[in-house]
Amino acid sequence: MQNSSHASTAENAAALRKVKLLHTVAWAFFAGCIVLLPFAAWLRRFDVALILIVIVAFEVAVLVWNRFKCPLTDVAARYTDDRRDNFDIYLPLWLARFNKHIFGSLFAAGILFTLIQWKLDSPS
């Protein structure tokens with residue numbers, strides 16, 4: 001483990017659980033924003049859609065700034081040598097592995113759908 005040699009395995013495991021829980025909650029928040037985006041557009045709540053887009057865009061900027069990984073991944077790595085795709089988050093392995101592809105595609109589709117709805121709602 002990369003944590004200091006005097007930290008016990010139990011302390012590392014407890015710290016890793018806390019980081020994984022925080023990471024999972026953060027992931028659920030951003031995934032929820034992405035899933036809600038087309039519903040906001042469908043309901044013509046473009047104000048809500050814009051807020052959701054800005055929130056997720058901020059997260060995307062953080063990921064880009066951090067070389068396309070969550071900063072919590074680096075924190076979790078301090079407490080384990082495990083490097084499976086889900087070592088730092090409580091997600092199934094397949095979802096952790098393809099998370100950026102799945103939710104990146106959903107986010108792009110949600111933005112496109114929002115733009116279409118907004119254009120259809122605009123006076124001609």
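Patches here are made of residues with over 30% relative accessible area and no salt bridge, where like charges are joined within 9 Å and nonpolar side chains (Val, Leu, Ile, Met, Phe, Trp, Tyr) within 5 Å. A salt bridge is a side-chain nitrogen of Lys or Arg within 4 Å of a carboxyl oxygen of Asp or Glu. Accessible areas come from the Shrake-Rupley method with a 1.4 Å probe, and for residues only the protein chains shown count as cover.

This is a predicted model: local features need pLDDT of at least 70, side-chain atom pairs count only at pLDDT 80 or more, and totals for chains, interfaces and linings use all residues. Residues are numbered from 1 along each chain as its sequence is written, and side-chain values use heavy atoms, with hydrogens and water left out.

**View 1. A nonpolar surface patch with valine 25.** Leu21, Val25 and Tyr90 make this patch of about 300 Å². Valine 25 belongs to helix α1 (residues 9-42); helices are DSSP runs of H or I, at least four residues, numbered from the N terminus. Valine 25 counts as exposed, at 52% relative accessibility (exposed means over 50%, buried under 20%, partly exposed in between, with a 1.4 Å probe and protein chains only).

**View 2. Phenylalanine 87 in its loop.** Look for this residue between α3 (71-77) and α4 (93-121). Phenylalanine 87 is buried, at 7% relative accessible area. Beyond its neighbours within four places in sequence, its contacts (heavy atoms within 4.5 Å) include Leu16, Lys20, Thr73 and Asp82.

**View 3. Asparagine 86 in the loop between α3 and α4.** Asparagine 86 is buried, with a relative accessible area of 16%. Setting aside residues up to four places away in sequence, asparagine 86 touches Lys20, Leu91, Pro92, Leu93 and Ala96.

Methods: Helices (H or I, at least four residues) and strands (E, at least two) are DSSP runs, numbered from the N terminus.
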